[in-house]
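Let's take a walk through this model together, starting from a single residue and working outwards. Keep the structure open beside the text and follow along.

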Amino acid sequence: MASSEPPKRPRPGPWPPAPESAALPPSSWAKRTGFRPKFSGETNASNSGPVTPQPRPKEPDTRLDLESGRANGEPEAADKVPTMPPSQTVKDQAAKRRRDSDSGAPPKSSAPAGGNGAVVPAAAAAPMSRRQARNDDVVDVLPQTVDDDGFMSRQSHLKYELRDKPGLVPIGLYGFQHYLSMLGSLILIPLVIVPAMGGTYEDTSRVVSTVLFVSGMTTLLHTLLGSRLPLIQGPSFVFLAPVLAIINSPEFLGLNGNVEVVDLNYYFEEQNQICLTLQNFKHIMKELQGAMIIASAFQTILGYSGLMTVILRLINPVVVAPTIAAVGLSFYSYGFPRVGTCLEIGTVQILLVIIFSLYLRKISVFGHRIFLIYAVPLGLAITWAAAFLLTEAGAYSYKGCDANVPASNIISEHCRKHVARMKHCRVDTSHALKASPWFRFPYPLQWGTPVFHWKMALVMCVVSIISSVDSVGSYHASSLLVASRPPTPGVVSRGIGLEGLSSILAGLWGTGTGSTTLTENVHTIAVTKMGSRRAVELGACVLIVLSLVGKVGGFLASIPEVMVAALLCFMWAMLTALGLSNLRYSEAGSSRNVIIVGLSLFFSLSVPAYFQQYGISPNTNLSVPSYFQPYIVASHGPFHTTYGGLNYVMNTLLSLHMVIAFLVAVVLDNTVPGSQQERGVYVWSEPEAARREPTVAKDYELPFRVGRVFRWVKWVGL
């Protein structure tokens with residue numbers, strides 16, 4: 001018998017209803033205000049205990065606490081809970097489904113969850129995807145969040161990820177644009193150091209071809225047996241300053257009267273510059289080869305012995321950021337002074353690269369941001385074409401004057417007045433393309449047997465440590481873009497060890513510098529959205545083939561010096577910015593980090609200036625150009641002991657900006673108290689956990705089951 005009693009209605013709640021903020025935890029203040037802390041990859045466990053009713057929180061105080069780098073009322077680092085925007089939740093679930101599919105786990109529900117774990121209806125998910133699409137068009141690198149395992153979530157906006165194997169055409173296309181966007185990093189260093197050594201245009205062409213060959217070979221080795229990340233290897237700017245210091249050593253310039261190099265033929269130009277002959281070029285190159293081989297052997301031992309895992313504890317974003325930034329800032333005395341030799345060409349080059357990379361960066365053609373990706377080659381091509389038209393039109397031709405005649409042989413006062421303009425503005429003064437053969441195979445010891453001196457080798461050993469610091473930052477940043485997890489400390493050591501072997505090959509072939517991970521890799525991956533290992537390997541093979549064509553090296557060696565200087569201004573500025581961008585993994589607003597970075601950068605400029613200016617009076621008539629004066633400190637530095645080699649090492653090392661920045665940063669960051677989140681300590685994957693997760697093992701394990709054979713060796717990685 002059915003009951004006639006009416007159904008009971010739910011008891012109404014209190015009126016007026018409690019505000020939404022009363023039902024949210026205190027950490028949701030970040031959602032409502034838009035504040036998002038930067039995490040470096042570590043999670044902070046919340047305190048466990050009995051559940052107690054939470055009182056209604058007070059209105060948060062939005063005033064900033066300058067000491068801790070956060071707003072008043074925000075939880076401490078130990079109590080802070082990572083918040084995840086809804087648009088990121090959908091993206092992280094897709095990454096988790098991929099991990100589940102690799103491990104064979106059954107897929108979970110694909111309904112997108114909100115920030116508090118509730119299921120988001122389809123009507124709400126659609127605006128999220130639209131907002132996410134708009135954000136992808138605005139920013140090049142998406143915001144990074146922390147996943148459930150405590151690591152930075154992998155970027156899912158890449159067109160091809162680390163282990164993707166698309167067809168040959170997509171791989172070739174994206175690999176080509178990847179290498180073309182890094183053209184400046186690969187070829188500009190030889191265009192600076194070879195003329196400084198007194199080499200001819202033909203020598204520059206040979207060195208450029210050798211650099212392309214070694215870069216392709218070492219990139220293949222690194223993607224197969226190194227960190228296995230899609231990172232291009234090449235001549236890093238980290239080696240440029242010490243190489244210039246060795247080139248301008250007193251025994252090569254004859255500044256101290258004790259000339260150790262015999263059979264050198266010097267001739268003087270109007271600016272009192274000593275230009276070295278071919279014999280001196282080969283001798284300096286052999287000195288650089290010897291120093292590079294010893295330093296690279298040291299770096300190899302550092303990586304394969306496992307010592308790098310110990311040094312990793314001292315290397316954090318607050319150390320990496322000022323060290324790499326100091327590398328770019330150290331060349332301020334070379335950049336624009338060289339551009340000033342032909343302002344109408346150099347400034348146009350700089351402005352074009354700035355316009356392409358900034359003002360036109362959002363313009364897409366067939367889905368590719370050609371102006372952002374190809375800013376450097378496009379700016380170079382347009383400026384080179386304009387300079388060629390001006391040269392052919394006679395803008396830099398003067399009656400009775402020949403740009404190919406040495407300045408010391410010019411008698412006419414009219415020609416002496418315009419010789420510098422003809423030399424730097426004309427594009428037909430280089431004969432590298434005409435003199436280069438069609439086919440040339442770079443071979444080891446092509447310049448002769450390397451010469452070993454301990455003082456130069458010791459300088460390069462210290463520089464190899466700075467290069468390793470640079471590579472550690474690149475490994476961490478690139479792994480967050482293309483891989484499922486950061487590498488293990490063993491993988492990092494393996495990569496550093498292989499970089500040492502790569503630099504040994506560079507020393508044997510005679511590139512003039514070492515071969516290491518280029519800092520610009522991270523920016524290139526974020527811009528081209530290409531993280532496939534196969535594309536980088538195919539590009540490396542193409543690079544090796546191009547290096548065998550002598551005309552390619554001759555064409556690149558014929559780039560006018562003023563355009564090289566203009567491109568270097570942009571590249572060094574980019575290097576500085578990329579170095580400072582490592583601070584996003586730490587609390588950049590913390591007064592602790594601000595002071596450490598500020599002190600590191602300031603002393604990295606001021607201390608070398610003291611060494612470079614010591615003992616030089618305003619009336620000193622130096623025999624080197626003004627842009628090379630910072631690199632002759634070994635002849636007049638403040639260290640004067642009875643041991644000449646020790647004087648050379650100390651005066652040279654303490655005049656390098658990156659060395660001072662590294663010493664100040666590593667001491668302060670590891671002695672000044674600070675939480676892990678505030679410092680942004682790099683968190684690497686644990687080896688045991690990496691072996692259990694199939695995606696991490698597939699990302700970093702060595703090919704052909706090599707890792708399983710040598711699993712007992714820690715530095716193999718997994």
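Thr516 sits in strand β6, which covers residues 516-517. The model is a predicted one, so it helps to begin with a spot where several details can be read together. With a relative accessible area of 2%, Thr516 falls under the 20% limit and is therefore buried. Its side chain has polar partners: the side chain of Glu499 makes a polar contact with that of Thr516 at 2.7 Å, and the side chain of Ser467 makes another at 3.1 Å. Leaving out residues up to four places away in sequence, Thr516 touches Ser467, Ser471 and Glu499, and also Ile232, Gln233, Gly234, Ser236 and Phe239.

Two of those names lead us to another threonine. Thr219, in helix α6, touches Ile232 and Gln233 as well, along with Tyr179, Leu231, Val536 and Ala540, again not counting residues up to four places away in sequence. Is Thr219 buried or exposed? Its relative accessibility is 0%, so Thr219 counts as buried.

Val536 and Ala540 bring us to helix α21, where both are among the buried residues. This helix runs over residues 533-547, and its 15 residues reach 21 Å from the first C-alpha to the last, close to the 21 Å expected at 1.5 Å a residue. At its N-terminal end, Ser532 acts as a cap, with a side-chain oxygen 3.3 Å from the backbone nitrogen of Arg534. The buried residues of α21 include charged ones, Arg533 and Glu537, as well as Leu543 and Ile544. Which helices do they pack against? The partners are α4 (168-181), α5 (183-196), α6 (201-225) and α29 (694-700). Not every residue of α21 is hidden, though: Cys541 has a relative accessible area of 35%, which means that it is partly exposed.

Now let's turn to the nonpolar interior. In soluble globular proteins, nonpolar side chains tend to be buried together. Here the largest nonpolar core has 126 residues, and the members that touch the most others are Ile193, Phe237, Leu240, Ile247 and Met563. The helix that gives the most to this core is α18 (residues 454-482), with 13 residues. Apart from this core lies another, of eight residues, including Phe213, Ala506, Ile544 and Leu548. Back in the largest core, Leu240 is a good residue to zoom in on. Setting aside neighbours within four places in sequence, Leu240 is in contact with Ile189, Val192, Ile193, Phe331 and Trp572.

Helix α13 offers a clear view of how a helix can be buried on one side. Its 17 residues, 343-359, should span 24 Å at 1.5 Å a residue, and the end C-alpha atoms are 22 Å apart, which agrees. The buried residues are Ile345, Gly346, Gln349, Ile350, Leu352, Val353, Phe356 and Ser357. Because they cover an arc of only 160 degrees around the axis, they lie on the same side of α13. On the other side of α13, Leu351 and Tyr359 are exposed. The buried residues of α13 pack against α12 (335-339), α14 (370-373), α15 (375-392) and α23 (561-580).

Just before α13, the loop between α12 and α13 holds Cys342. What does Cys342 join to? A disulfide links it to Cys425, with an S to S distance of 2.0 Å, and the count for the model comes to one disulfide. A disulfide is a covalent bond between the sulfur atoms of two cysteines. This one connects distant parts of the chain, since Cys425 lies in helix α16 (residues 413-425), 83 residues from Cys342. The torsion about the S-S bond is about 125 degrees, so the disulfide is right-handed. Cys342, at a relative accessible area of 1%, is buried, and Cys425, at 2%, is buried too. Elsewhere, Cys461 is buried with a relative accessible area of 12%.

Finally, step back to view the whole chain. There are 30 helices and six strands, and 54% of the 718 residues count as buried. Among contacts between residues at least 6 apart in sequence, 81% join residues at least 24 apart.

Note on methods. Residues numbered from 1 in each chain as written. Predicted model: local features only at pLDDT ≥ 70, side-chain atom pairs only at ≥ 80, totals over all residues. Heavy atoms only, no water. Helix = DSSP H or I, 4+ residues; strand = E, 2+ residues; numbered from the N terminus. Expected span 1.5 Å × (residues − 1). Buried < 20%, exposed > 50% of the residue type's maximum accessible area, 1.4 Å probe, protein only. Contact = heavy atoms within 4.5 Å. Polar contact = N/O pair within 3.5 Å; in protein donor to acceptor, adjacent residues only side chain to side chain. Core = buried A, V, L, I, M, F, W, Y, C linked by side-chain atoms within 4.5 Å. Arc of directions from axis to C-beta. Disulfide = S-S within 2.5 Å.
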